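Opening the notebook on this one. I want to know how the helices pack and how the sheet is put together.

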Amino acid sequence: MNLEQLKPQIISIIADTNNSVAERLHSICEVLESHVSYYNWVGFYFKNGDKEELKLGPYVGTPTDHTIIPFGKGICGQVAVSNQNFVVPDVSAQDNYIACSITVKAEIVVPIFVNNKNIGQIDIDSNTADPFTEEDERFLEFVCAQVATILE
Ligand code: SME
């Protein structure tokens, strides 16, 4: 599936105010996981109130024990601090990595900004080695910008 072709679906999910924010975020996870063969776990993490930690939000995929991740820990915790996309072609090459499933080979995390503040992120695990390109980064930046509009 061409990532560009998914954009209209993302826009219509975001616009559907009959559903709660959590339901809309879950629908986005479903669309991404079901239409992109190498997106095998798709979820959102958000800053947990005033704490320096991330809390798991809506997701699709194998349940994870890592529902709370301290800032700085793992790929997700590093993005909470760096404010930058983190593309990991090979998770086994990372020292600061939190394994959720032994099937995962690669990961991409893209931050979500509301009023220029990093308030969370989308996290995608892949069972395929080195699958992510700049096209994924640009597409996921689009998804995060859309999500930001309903979190303001
Ligand atoms: N691998 C992540 C932890 C979250 S799971 O992928 C769902 C990390 O290193 O931060």
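My entries on the sheet, the helices and one database record follow.

**Ground rules.** I'm working from a predicted model, where local features need pLDDT of at least 70, side-chain atom pairs count only at pLDDT 80 or more, and totals for chains, interfaces and linings use all residues. Residues are numbered from 1 along each chain as its sequence is written, and side-chain values use heavy atoms, with hydrogens and water left out.

**Terms.** Helices (H or I, at least four residues) and strands (E, at least two) are DSSP runs, numbered from the N terminus. Axes are lines fitted to C-alpha atoms, for helices over the stretch in contact, with angles from 0 to 180 degrees between N-to-C directions.

**Record.** I looked up UniProt first: an unreviewed entry puts "domain: GAF" at residues 20-152. Positions there are in the numbering used here, feature names are shortened, and annotations may be inferred rather than shown by experiment. In the model, the end C-alpha atoms of residues 20-152 are 14 Å apart, and the span is 30% helix and 30% strand.

**Sheet.** What is the strand order? I read β3-β2-β1-β6-β5-β4, an open sheet of six strands with antiparallel pairing. Two strands pair if DSSP finds at least two bridges between them. The edges are β3 (68-70) and β4 (86-88); each has a single partner strand, so one side of each lacks a neighbour in the sheet. On average, neighbouring strands are turned by 25° against each other, direction ignored. I then checked the β4 edge: three bridges join β4 to β5 (residues 106-114), and the two run antiparallel. Val87 has Ile108 of β5 as its bridge partner.

**α2 on the sheet.** I find α2 lying across β1 (41-47), β2 (53-60) and β6 (117-126), at about 65° to β2. Contact here means heavy atoms within 4.5 Å.

**α2 and α4.** The axes of α2 (residues 21-35) and α4 (residues 134-149) come within 12 Å and cross at roughly 165°. That makes α2 roughly antiparallel to α4; angles under 35 degrees count as roughly parallel, over 145 as roughly antiparallel, 65 to 115 as roughly perpendicular and the rest as oblique. The crossing is right-handed, meaning the near helix is turned clockwise from the far one by less than a right angle. Leu25, Ile28 and Leu32 of α2 meet Phe139, Leu140, Val143 and Val147 of α4. I get seven nonpolar, no polar and no charged residues in the contact of α2 with α4. For the classes, Ala, Val, Leu, Ile, Met, Phe, Trp, Tyr, Cys and Pro count as nonpolar, Asp, Glu, Lys and Arg as charged, and the others, Gly among them, as polar.

**α1 and α4.** How do these two run? The axes of α1 (residues 7-15) and α4 come within 10 Å and cross at roughly 15°, so α1 and α4 are roughly parallel. This crossing is right-handed too. From α1, Lys7, Ile10, Ile11 and Ile14 reach residues of α4 including Phe142 and Gln146. The split is seven nonpolar, two polar and one charged.

**α1 and α2.** Here the axes are 9 Å apart, at an angle of about 165°, so α1 and α2 are roughly antiparallel. I note a right-handed crossing for α1 and α2. Among the residues in the contact are Gln9 and Ile13 of α1 and Arg24 and His35 of α2. By class I have six nonpolar, three polar and one charged.
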